[in-house]
Each structure stands twice: as C-alpha cells, then as structure tokens.
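These are my notebook entries, written while I looked things up in the structure shown here. I kept them in the order in which I worked.

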Amino acid sequence: MIVLGVVVAGGCGALLRYEVELAVRRWLGPAFPYGTLLINVSGSFLLGLLAGLAEAHGIRPGPVTVVGTGLLGAYTTYSTFTVDTVGLAERGRAGAAAVNVAASLALGLAAAALGLAAAIAL
Amino acid sequence: MPESTGTSGQAPLQPRTAHPHHGPGPMAAIAGGGALGTLARYGMERALVPDALGFPWATLAVNVVGSFVLGVVVTLVVERWPGDRWLRPLVAVGFCGGFTTFSTFALEVDQRIRHGQSGMALAYVVASLAAGMGAALAGTTLGRGRLQTIPGGPGLPDPDLLAGDDDPVGGSGPAGVA
C-alpha cells in the first residue's frame, strides 16, 4: 500500500515541478535556471520540516515515506540541476554555472536545516 | 529583471498569458514517467538500505545515473529528434525528474553534519557534484556525438519543460553569452 502511495505521489510531484518550472520561467525569463533552484530549495525545506516532525512528533513512517520519498523526492530534481549547470558552462557562462552550484548547495542545505530545526522547535 | 539588464540586443521576452495546451497526453506522460522514476528510486533505496547514518549510496547512484540519462535524452530530442513528442515528457521531465532527488540529498547532508559526521557529509557533497556533473557532461557529449565547444552555439533547453514551452530566445540565442 505504501508503494502505491509513493508511486501516485511521485507522479503528482513531477507534474507540480513542471508547472512551477513553467511559471517561474514566464516570470523571470530563461537566462538562469531560477525555477529549478526554487523547486529544490522549497522542496528541501519541506523535506526538512517533514523529517523534523517525524523525529520530534512521532508521525508514522508510512505517510512520511509517501510525502517525503514520493511527493518531495519527485518534485525536486538533481538531474535537471546538473544538466542545467553543464548547459550553462557549455555556452561559455561559467560564472552563471558556478553561481547555480553555489546557490543550490548553500540555499538547499540551509533550507533543509531550517525546516528540520523549525519542526523540532514546534 | 534578467531581460532588462543582461541579454542586450535580444527581443524582449514575450509574455505568453495562456497555458500551452499540450493536452492530456503529455501531462499523463509526465505523471507516468514521474511515477515510474519514483518507484525506481524507492526500489533503490530499499535495496541499498544502509545504516541510519551510513554513506547514502542509493541517492548518489540515482542522482548520477539520472544525470547521465537526462543529458543523453535532452541532447537527443533537441539535436537529433526534434519532432519527438513523447520522450521529453516521459523520460526527461517525468522519469529523470522523479528518479533523481535534491531534497533527499540536502537532508542526508544536514543529518550527517548534525550527528558529527561532517567528513562523510563533505565526501557525499563532493562525490555528488563531481560524479553528477561528470555524468551529465558525458551524457550530453554522447547524445550529441561531440563536445560542445562553441560558446555562443545552440545550448541545451530547460530539461524540465516541453518543446512548446521553450521561448525561442531562451538558451539558444547567440546573444545569450554572458
């Protein structure tokens, strides 16, 4: 049953990523992968929050797996991050590629830590 | 803000108000591919379950493999098979996006730092970056048949969008060099 939930949540997460990516591209333009950055940072925050809630407030593992592994795992993406970065570098935009890596790492790790700390402090 | 400062000499970004109507088919392909990718990642995590705070081999493996596959597919559908309508929603946006994960990576790093395993956290970050970028570069090179060496040349599209969503200015204009 958990497998079914993970699979359905994964499909929803992929659709959600597509819609957010599209909206952010309309908003900020195609020059930099802001959409993927926003998706990965927001998803990391939510997963941190979920892990903190599970740890400190004893949420059952089933729903945590469905939302964490399924929805948030599929919503965020590592492959688009790496292919976007390689694409920027290939076009001679090494600075933008470096900014993408640094911002994704710094903001993503900070967001997950913040979510974790917030949930434990609740 | 980016179009007002950066790319001079380009037509301003044309705001498209309507949602591109890809129809239910491509949307179903994104959801189906995402579901399959998520199932494959879940299977990997179950198969390679480590100690609670061991080295996260499963996530590293899916992120590296997914980066390679996405690099191949995105290059193929843009440069070799531009008329293809299904590979991009099914494999690029759906499967690879669902298979790989950034949030799990970030949480795994944080949890290791929190529990005094900073060395492992650093090794995990370095390995994910080096192997992930290397795999993406290997994939795009394989898909293209050569290394991209023209700085102003045609670039890769947004891997998380479909063909109709790509602004003609985006990612491919010769003026897009920063």
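Entry 1, the second helix of chain A. I looked at what comes just after α2(A), and there I found G58(A), which takes a positive phi of about 60 degrees. I then turned to the helix itself: its 24 residues should span 34 Å at 1.5 Å a residue, and because its end C-alpha atoms are 34 Å apart, the expectation and the model agree. I note here that this is a predicted model, so what I write down describes a prediction.

Entry 2, chain A as a whole. I counted five helices and zero strands in chain A, and reading along the sequence I wrote the pattern down as α-α-α-α-α. Along its principal axes, the C-alpha trace of chain A spans about 50 × 30 × 25 Å. Of the 122 residues in chain A, 57% are buried. I also looked up the contacts in chain A with a separation of 6 or more, and residues 24 or more positions apart account for 75% of them.

Entry 3, confidence. For the model I noted an ipTM of 0.96 and a pTM of 0.87. Chain B averages a pLDDT of 82, with 76% of the residues scoring at least 70. Where in chain B is confidence lowest, and where is it highest? I found the lowest mean, 42, in α1(B), and the highest, 97, in α5(B). Over residues 1-12 of chain B the pLDDT stays under 50, and the model has 18 contacts beyond four places in sequence for them. Residues 168-178 of chain B also stay under 50, and for this stretch the model has 31 such contacts beyond four places in sequence.

Entry 4, where the chains touch. I found 65 residues of chain B in contact with 58 residues of chain A. On the side of chain B that touches chain A, the elements that give two or more residues are α1, α2, α3, α4, α5 and α6 of chain B. Which of them gives the most? It is α2(B), with 13 residues. Sorted by kind, the residues on this side of chain B are 30 nonpolar, 26 polar and nine charged.

Entry 5, a pair of helices in chain B. I looked next at α2(B) and α4(B), whose axes come within 6 Å and cross at roughly 35 degrees, and I recorded the crossing as right-handed. Among the residues of α2(B) that take part are G32(B), G33(B) and G34(B), while those on the side of α4(B) include F95(B), G97(B) and G98(B). Taken together, the residues of this contact divide into 13 nonpolar, eight polar and one charged.

Entry 6, the fifth helix of chain B. I found that α5(B) has twelve residues and reaches 16 Å from its first C-alpha to its last, close to the 16 Å expected. Is this helix enclosed or exposed? Ten of its twelve residues are buried, so α5(B) is largely enclosed by the rest of the structure. The buried residues include F105(B), L107(B) and V109(B), and also E108(B), D110(B) and R112(B). What covers them includes α2, α3 and α5 of chain A, together with α3 and α6 of chain B. My last note is that α5(B) is followed by G116(B), whose phi is positive, near 75 degrees.

Notes: Residues are numbered from 1 along each chain as its sequence is written. Chains are lettered from A and ligands numbered from 1 in the order in which they are written. This is a predicted model: local features need pLDDT of at least 70, side-chain atom pairs count only at pLDDT 80 or more; totals for chains, interfaces and linings use all residues. Two residues are in contact if their C-beta atoms, placed from the backbone, lie within 7 Å. Helices (H or I, at least four residues) and strands (E, at least two) are DSSP runs, numbered from the N terminus. Ala, Val, Leu, Ile, Met, Phe, Trp, Tyr, Cys and Pro count as nonpolar, Asp, Glu, Lys and Arg as charged, and the others, Gly among them, as polar. pLDDT is the predictor's confidence in each residue, from 0 to 100. Axes are lines fitted to C-alpha atoms, for helices over the stretch in contact, and angles run from 0 to 180 degrees between N-to-C directions. A crossing is left-handed if the near helix is turned anticlockwise from the far one by less than a right angle, and right-handed if clockwise. The expected span of a helix is 1.5 Å times one less than its number of residues. A residue is buried if 20 or more other C-beta atoms lie within 10 Å of its own, exposed if 12 or fewer, and partly exposed in between; C-beta atoms are placed from the backbone.
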